[in-house]
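Okay, thanks for making time, everyone. I'll put the thing up on the screen and then talk you through a few spots in it.

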Amino acid sequence: MSGRIPLWIECDGGADAFWGLAIANTSENVDVLGVGVCAGKHTAENAFRNVGSYAAQLKLSAPIYRGSQRSVLLREKPEWHGDGPDGKLGLNLRSPAEYADGYAWDALYETAKAADGELTIVAFGPMTDIAIALFKYQDLASMVKRIVFAGGSYDFGNYTSVVEINMAADPEASRAVFRSGIQKTMIGFNAILASAMSDEQIREVCHDRLAGEYFLQTSLGRDKALGRVCYGAALAMASIVEPEIVKYVRYHLTMET
């Protein structure tokens, strides 16, 4: 793999996943080996369609796989409007790319085996598919080098005052991953907020007309009460391809369900 980081991406079709996938697809530091998609915060129909459209728009060469259409324990989906009714804030993208055969959790396991202990998983949404893979394949945890995920909180959240939405969407899945023994890097809600950009800053970096259009459109309605826009998926992915941009602190992670 020529020194590049073998990478598996998990997401749920939210608008910020587009930017995480875009960074991964253009980086010379990673090899994206597969993308798993779960329903997460959105309906399964929206999640699968959105990620398929992101893959087509970005000309992603890695295969994409359908994952779970519900949480690990069947429960009422949390009410979430942060990405608009369609989950992608109305982005006008290409027709969805085709999905590969098989389920995301099986493909993740086979990818981890082939990566010989070097696989990094990055999650932009709930960890449902990762948890299912851990339940089904008891040796998977020993095959994964680390998991980087956007979400969680140690102070306050965006779903309730103390809960972040990616954890709220499937807390049992997160708890299973936290207990797996795999090394974890949490890009928590506090870090996501600290990385936020104002509309003025966004306009400054959007020199390309089409990229600027997408960038500005995904800012609509996102954390406007704070006067800034957050991109958790982009930060999580950037922390992998350019690790020096992030300062890490060691904490104990746990999940209350």
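So, to start: which residue in β5 is the bridge partner of Ile121? It's Ile147. Keep in mind that this is a predicted model.

Zooming out from that pair, the strand β4, residues 119-123, runs parallel to β5, and the two are joined over five bridges. How enclosed is β5? Well, six of its seven residues are buried, so the rest of the structure largely encloses β5.

Now follow the chain onwards. Between β5, which is 144-150, and α5, at 165-169, there's a loop, and Tyr154 sits in it. Is Tyr154 buried or exposed? Exposed, because its relative accessible area is 53% and the cut-off for that label is over 50%. Tyr154 also has company: together with Val249 and Tyr251 it makes up a nonpolar patch on the surface, and the accessible area of the three comes to about 390 Å².

Last stop, Ser27. This one is in a loop too, the one linking α1 (17-26) to β2 (30-37). Here the label is buried, because the relative accessible area is 13% and buried means under 20%. So what does Ser27 touch? If you skip the neighbours within four places in sequence, Ser27 is in contact with Arg4 and Val241. And there's a local polar pair to look at as well: a polar atom of the Ser27 side chain is 3.0 Å from the backbone nitrogen of Asn29.

That's my tour, happy to rotate the view if anyone wants another look.

Notes:
Residues numbered from 1 in each chain as written. Predicted model: local features only at pLDDT ≥ 70, side-chain atom pairs only at ≥ 80, totals over all residues. Heavy atoms only, no water. Patch = residues over 30% accessible without salt bridge, like charges linked within 9 Å, V, L, I, M, F, W, Y side chains within 5 Å. Areas by Shrake-Rupley, 256 points an atom, 1.4 Å probe, with all protein chains shown as cover. Salt bridge = Lys/Arg side-chain N within 4 Å of Asp/Glu carboxyl O. Helix = DSSP H or I, 4+ residues; strand = E, 2+ residues; numbered from the N terminus. Buried < 20%, exposed > 50% of the residue type's maximum accessible area, 1.4 Å probe, protein only. Polar contact = N/O pair within 3.5 Å; in protein donor to acceptor, adjacent residues only side chain to side chain. Contact = heavy atoms within 4.5 Å. Pairing = 2+ DSSP bridges.
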